[in-house]
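Trainee: I have a structure to read and many terms to get used to. Could we go through how each term is justified?

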Amino acid sequence: MINWTDKLSPQVKSIPPSGIRRFFDLVSEMKGVISLGVGEPDFVTPWHVREACIYSLEKGYTMYTSNWGLLELREEIARHLYNNYKVAYEPRNEVLVTVGVSEGMDLALRALLAPGDEVLVPEPCYVSYAPCTSMAGGTPVPILTSAENDFRVTAAEIKEKITPKTKVIILSYPNNPTGATISREELMEIAKVVKKHDLVVISDEIYDKLTYEGEHTCFASLPAMKNRTILLNGFSKAYAMTGWRLGYACGHPEVIAHMTKIHQYTMLCAPVTAQMAALEALQNGTDEMLKMVAEYDRRRKLVLKGFSEIGLSCFEPKGAFYAFPSIKNTGLSSEEFAERLLMEAKVATVPGSVFGVNGQGHIRCSYAASVENLTEAIDRMDKFLKKLSFCGEEACG
Amino acid sequence: MDKKDREILELLENNSRLRYEQIAAMLDMDQTEVENRVKELEEKRLIVKYHSLINWEKAGQETVSALIEVKVTPQRGSGFDDIAERIYRFPEVKTVYLMSGSYDISVLIEGKTMKEVAFFVATKLATVEEVQGTATHFVLKKYKQEGVILEDKEDDRRLVISP
Ligand SMILES: Cc1ncc(COP(=O)(O)O)c(C=O)c1O
């Protein structure tokens, strides 16, 4: 018999399993649950995009594309970034089409890191950054941003964590799980530190379009930052295309070439069907995308008002589709709260601690759900909270 | 009518059962303001009616619908309006549009049987003096109505929890 424990990579073994997994197993066995635990749009991909993909299949677009992705799509991506943020990328050597931001992140980290290099990861954040850093041989260094500052990382907090080994910082605004956005001024301060300490920025801007107040600032659009930034974005959120697995990475030709080297041997290219669909989304998808954004914004307001009425304190998320209320005054941990909320009130959320230790005391609620479901979920949470405070700590379990 | 009114109308058009408090929350408004605005929109008949879209076929209720192209001679003074009114006053008539193109008035009629609909066309519609001719097209199947695909309810296929 083969002993797999001996065979498996110790590096992968050392990575803890995702905290979401256990919750997923719990929820899957239950009926009648309203889920605010979903990290993707509740819209299906707009029909014109699906239809364009069907047409491309009929026309026989079933082959590999260039490793970089279809030139036409890269040109459209470059045009799009220029129109939105006035950042000019050369489609031929500064844009790489990837299998989602997920692959883009992995490629960027692997292209950059040597063993022992440190990557600053402001937390709470999306779950993949630290594990991908470790798997690329680097050392993730969490920056615990403060709830008082709505979890936006500050230049000072970054400075504090910089060592001679620091090579990269990952920025991710609008943020999953907090919904926080960051202003141009704050980013300018960060840019100063980045420049002074000669860092590379990986900026995951997958929620850029889902910015409800103020304007999103593309980090690469700041003075002198374009050449230090690997910009990651994709189609999953704005165009409701999570399952298509398509994104892109933009940056200096040298680093993009390095990333493309890994991509060509591990992925070859992103699926052509998804690339054809993405082309349609960029060319003709703005109206429907804006409608979806307007809809999220209404739900955002509905949820915030609901939370404040039931006494759940929550800072105002200005982007993505998450609210990150504090549950500290219940005396429960995130995990206990989320588990009891699920079992006793049948509302699924994700414990904030999954996204970093300072997510403890919070839960992530996605409002990518129907108005009826959101209203019902808030009702159920209200009853649950009342029961909690009525029972006190010992009486009920 | 301003931007807020338009947003209220958009929300209600899509779901007329939204409660005032929900609308108020979503549009960042005061609940009484929403109530007042809705009342005014109703009074001005910008909101004409709150209705439900029902799939009667699925409910087992057999109804017959027909789209009738009507060619008419317009009248001096009132053009098509008086003729249209004579037609749309019949309760069987569900929809009446004035059309460009090869005929003038489009009439959607509902009845219990094909015979009933045909009889209505022959006795009531075709006999209006200004009506030159009619062409009746029976509806065989309704796929989509008022922007809603009748059959397919796209289930939520997402995983219940994802990062
Ligand atoms: C911040 C963030 N980055 C990346 C991803 C993954 O994106 P993709 O579908 O493009 O791989 C997600 C998905 O939830 C996310 O929230």
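Mentor: Gladly; we will take the ligand, then the cavities, then the domains, keeping in mind that this is a predicted model.

Trainee: What makes V101(A) a residue near the ligand?

Mentor: A residue counts as near if one of its heavy atoms lies within 4 Å. A backbone N or O atom of V101(A) lies 2.7 Å from an oxygen atom of the ligand, so V101(A) passes that test. The ligand has 14 residues around it, and V101(A), S102(A), D204(A), S236(A) and K237(A) come nearest.

Trainee: Why is the pair formed by D204(A) and the ligand called a polar contact?

Mentor: The term asks for a pair of N or O atoms within 3.5 Å. Here a polar side-chain atom of D204(A) lies 2.6 Å from a nitrogen atom of the ligand, so the pair qualifies. K237(A) also has a polar side-chain atom 2.6 Å from the ligand, this time from an oxygen atom. As for cover, the ligand taken alone exposes 400 Å², and the protein buries 95% of that.

Trainee: What is the make-up of the shell around the ligand?

Mentor: Five of its residues are nonpolar, six are polar and three are charged. Helix α6 of chain A, residues 100-112, gives the largest share, with three residues.

Trainee: Now the empty spaces. How do you know that a space inside is a cavity and not a pocket?

Mentor: In a cavity a 1.4 Å probe fits but cannot get out, whereas a pocket is an open set. By this rule there are three cavities of 30 Å³ or more. The largest holds about 70 Å³ of space, and the second largest about 50 Å³.

Trainee: What makes H80(A) a lining residue of the largest cavity?

Mentor: A lining residue has an atom within 4 Å of a cavity point. H80(A) is listed in that lining, so it meets this cut-off. Others in the lining include I206(A), D208(A), K209(A) and F235(A). By class, this lining has six nonpolar, three polar and two charged residues.

Trainee: Which residues line the second largest cavity?

Mentor: Among them are P122(A), E123(A), P124(A), F151(A) and Y173(A). Its lining has five nonpolar, three polar and one charged residues. Glu counts as charged, so E123(A) is that one charged residue.

Trainee: And how do you know where the domains of chain B lie?

Mentor: The domain assignment gives domain 1 as 3-43 and domain 2 as 64-141. Taken over C-alpha atoms, the centres of these two domains of chain B are separated by 36 Å.

Technical notes. Residues are numbered from 1 along each chain as its sequence is written. Chains are lettered from A and ligands numbered from 1 in the order in which they are written. This is a predicted model: local features need pLDDT of at least 70, side-chain atom pairs count only at pLDDT 80 or more; totals for chains, interfaces and linings use all residues. Side-chain values use heavy atoms; hydrogens and water are left out. A polar contact is a pair of N or O atoms within 3.5 Å; within protein, one must be able to donate a hydrogen and the other to accept it, and residues adjacent in sequence count only if both atoms are side-chain atoms. Accessible areas come from the Shrake-Rupley method with a 1.4 Å probe; for residues, only the protein chains shown count as cover. Helices (H or I, at least four residues) and strands (E, at least two) are DSSP runs, numbered from the N terminus. On a 1 Å grid over the protein atoms alone, a cavity is a set of points where a 1.4 Å probe fits but cannot get out, and a pocket is an open set with protein on both sides within 12 Å along at least five of seven lines; lining residues have an atom within 4 Å of a point. Grid points are joined across faces, edges and corners, and a volume is the space filled by probe spheres set on the points. Domain bounds come from an automatic or database domain assignment.
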